[in-house]
Amino acid sequence: MAVPKRQEGRGRGAKFEQRRSELADAALKTLSELGYARTSLREIAQNSEFSHGVLHYYFADKVDLITQCVRQYKTRCMRRYDSIIATASTAAQLRHEFSLAMAESMVQDADLHRLWYDLRSQSMFDPAFRADVAAIDAGLCDMTWRVARRIGELADVSPPFGPEVTYGIMDGLFQQALLRHCAGDATAADYLVGAMDEVMARFMPLAPV
């Protein structure tokens with residue numbers, strides 16, 4: 001059956017957005033394996049159960065689809081640390097459990113994180129990505145800052161840096177470990193746990209390193 005041409009201003013209610021969300025989740029595996037440069041809506045359709053026409057009806061182009069995919073995944077990533085923040089009883093516990101959770105996410109969802117860094121790099125060349133990348137970055141910055149503030153509260157110390165610098169440090173360590181993991185380094189996860197733990201301990205002296 002032919003898919004009706006998508007029209008601006010129509011079908012944009014909750015059901016439309018729910019369908020976009022479902023399609024983005026279904027396409028995420030293909031996108032994460034191929035990356036930005038090697039994908040098109042047609043290629044994604046060929047590797048999924050959905051027709052090219054269906055994807056084109058719900059997404060204007062691959063930029064629209066990719067940003068929807070990454071935004072949904074990163075939103076889930078940000079929420080996975082909420083329970084750690086809420087249940088940790090000491091600063092050292094929070095610091096270590098957060099480091100472990102970061103390493104686990106890096107290993108389990110390496111392709112998805114790789115897609116995020118691919119998208120962020122593309123935003124330096126393609127303005128179509130910039131608003132979405134900025135929004136995702138802001139959410140990740142807020143997440144790392146909530147961790148840093150809670151560590152400070154538990155240890156009765158003040159974070160030494162503001163939100164942006166704190167995020168930059170943690171994100172840099174995560175990306176460095178991800179590069180090592182993608183290159184086949186079996187120690188990448190242990191490196192990330194140790195590096196995150198050490199950096200937070202030195203910058204926020206909560207316990208012996």
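**Figure 1. The kink in helix α1 of the predicted model, centred on Ala-27**. In this predicted model, helix α1 bends by about 40° at a kink whose centre is Ala-27. The helix comprises residues 14–34, and because 21 residues at 1.5 Å a residue should span 30 Å, the distance of 30 Å between its end C-alpha atoms agrees with that expectation. Just beyond the helix comes Gly-35, whose phi is positive, at about 85°.

**Figure 2. The buried residues of α1 and the helices that cover them**. Ala-27, on which the kink is centred, is itself one of the buried residues of α1, a group that also takes in Phe-16, Arg-20, Leu-23, Ala-24, Leu-28, Thr-30, Leu-31 and Ser-32. An α-helix has 3.6 residues a turn, so residues three or four places apart point the same way. The cover over the buried residues of α1 includes α2 (41–46) and α3 (52–58), together with α4 (62–79) and α7 (110–122).

**Figure 3. The largest nonpolar core and its residues with the most contacts**. This core holds 59 residues, and those with the most contacts inside it are Leu-31, Leu-65, Phe-98, Trp-116, Leu-192 and Met-196. Helix α4 contributes the largest share of the core, namely 8 residues. Leu-31 also belongs to the buried residues of α1, while Met-196, when residues up to four places away in sequence are not counted, touches Phe-98, Ser-99, Met-102, Met-170 and Leu-173. In soluble globular proteins, nonpolar side chains tend to be buried together.

**Figure 4. The largest cavity and its lining**. Searching the whole structure gives 2 cavities of 30 Å³ or more, and the largest cavity contains about 170 Å³ of space. Its lining is made up of 16 residues, among which Lys-74, Met-102, Leu-140, Met-143 and Phe-174 lie nearest the centre of the cavity. At least two lining residues come from each of α4, α6 (91–108), α7, α8 (130–155) and α9 (163–182), and α9 supplies the largest share, 4 residues. Met-102, which lines this cavity, is also among the residues touched by Met-196.

**Figure 5. The whole chain, as a setting for the close-up views**. The chain has 10 helices and 0 strands, and its C-alpha trace spans about 65 × 35 × 30 Å along the principal axes. Of its 209 residues, 43% count as buried. Among the contacts with a separation of 6 or more, 70% are between residues 24 or more positions apart.

Terms used. Residues are numbered from 1 along each chain as its sequence is written. This is a predicted model: local features need pLDDT of at least 70, side-chain atom pairs count only at pLDDT 80 or more; totals for chains, interfaces and linings use all residues. Side-chain values use heavy atoms; hydrogens and water are left out. The expected span of a helix is 1.5 Å times one less than its number of residues. The bend at a residue is the angle between axes fitted to the seven residues ending there and the seven starting there. Buried means under 20% relative accessible area, exposed over 50%, partly exposed in between (1.4 Å probe, protein chains only). Contact means heavy atoms within 4.5 Å. A nonpolar core is a set of buried Ala, Val, Leu, Ile, Met, Phe, Trp, Tyr and Cys residues joined through side-chain atoms within 4.5 Å. On a 1 Å grid over the protein atoms alone, a cavity is a set of points where a 1.4 Å probe fits but cannot get out, and a pocket is an open set with protein on both sides within 12 Å along at least five of seven lines; lining residues have an atom within 4 Å of a point. Grid points are joined across faces, edges and corners, and a volume is the space filled by probe spheres set on the points.
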